[in-house]
Each structure stands twice: as C-alpha cells, then as structure tokens.
Amino acid sequence: MGKPSLLLTQVLLLVAALAIVFHFFPLLCSGHTPEGQFQPLPAKSPILSQVKEGRDCEMPKTFLDSPIVPSGSFTWREALRGDEGIRWPPLLDVVEEIYKLARLMQPYRERSGIPWRVTSWYRTPEANKRAGGVPNSLHLWGAAVDFEPARNRNQVIEILSDWPGGFGIYPTHLHLDTGARARW
Ligand SMILES: [Zn+2]
C-alpha cells in the first residue's frame, strides 16, 4: 500500500497547489502598483459603480505639474502628494476619480477667485490610517479632497453650499467628495 498512498498524496498536493494558484490568480492581474506591490482597497461606494475596476495604471511621471483638468487650477502633484512622497495610484479607477473630482471642483474654485491649498487628496490605505480616516474613506479612491482656502473661508463655504456631493467643515480644513450629497 506504500506506493499507491504516495501517489495519492502527490495528486492531492497537486490539486491543492492548483486550487491556490487559481484562487489567487485574479489578485495577480489587478490591484498592484507600478512597482508590483499589492495594495488592498476597501469596497467601492455604490455611487462609483459606473467606474470599471481592476485595470492597471501607469501614470506618466512627467505629468505631475500639469493641471488635472485642462487649464484647471489643480495639478496631479496636488492630488498625489503625501508626507512620504508621491502616491502613485495603483488603479486607473483612482485616476478617473481624481479627474472627476477636479472637474466638479473647478467651477467652484473659479467662483471663489482665490487659491485653494490642498492638504490631502488621494491616500493609500497606510496614509489614510495615519490621517485617522475612516476605513472606507473616499480619499482611498481619490474621490475626496481636503483643502483650505487662502482667505475668505466663510465666502468659500457659502459658494460651496450647492456642492452636489459630501461637504465637511472642520476647524483645520474643508472636505469635499463625489459621494452622495451630505453635510457635516
Ligand atoms: Zn477628507
């Protein structure tokens, strides 16, 4: 019985190995940074469901100081900058969310007529933890921004009164996102 049970063991090991490979294969195809490091992201907000998931993203690194929206006020550097350096988005979805938010913000920024100093936009899960963000924060998708107007804070808050997404007022900054309409 020695040989058949050895063969059986080998077959079972092969089956187990194949099961592991096929289970993890989708992770190998998506969700990794240009450096190949896998970064888990939280479940997406339902309002973002029109955006396709799982595509790789490699941003041209020379575009950092270009406006996100052509002739707009916000640059890719502002959206991707963190204390630890530039946060290269792992997925094209993040790039699309950043673009969507920048496009929505631009008319408000123009109405205010003054610079907005961006303090936090796209965050990696690690950066979000350090910032004390909620685990499903829209910052993880580049769909939320924290900023402080150069001056006239109350006037900017007034201009943003019809912002269609989430709008949070904090002592240190204003938060805007492309989620469902909410005020806090
Ligand atoms: Zn925020």
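Visitor: What makes the span of helix α3 (residues 92-112) close to the expected one?

Guide: The expected span of a helix is 1.5 Å times one less than its number of residues. Helix α3 has 21 residues and reaches 30 Å from its first C-alpha to its last, close to the 30 Å expected. Helices (H or I, at least four residues) and strands (E, at least two) are DSSP runs, numbered from the N terminus. This is a predicted model, where local features need pLDDT of at least 70, side-chain atom pairs count only at pLDDT 80 or more, and totals for chains, interfaces and linings use all residues. Residues are numbered from 1 along each chain as its sequence is written.

Visitor: Where does α3 bend?

Guide: At Gln 106, by about 35 degrees, and Pro 107 follows within four residues. The bend is the angle between axes fitted to the seven residues ending there and the seven starting there.

Visitor: Why is strand β4 (residues 144-149) called mostly covered?

Guide: Because 5 of its 6 residues are buried, and buried means that 20 or more other C-beta atoms, placed from the backbone, lie within 10 Å of a residue's own (12 or fewer is exposed, in between is partly exposed).

Visitor: How do you know that β4 pairs with strand β3 (residues 116-120)?

Guide: Two strands pair if DSSP finds at least two bridges between them. Here 4 bridges join β3 to β4, so they pair, and they run antiparallel. Among the bridge partners are Arg 117 and Glu 148 in β4.

Visitor: Which strand do 4 other bridges join to β4?

Guide: Strand β6 (residues 174-177), also antiparallel; there, Leu 174 is the bridge partner of Phe 147.
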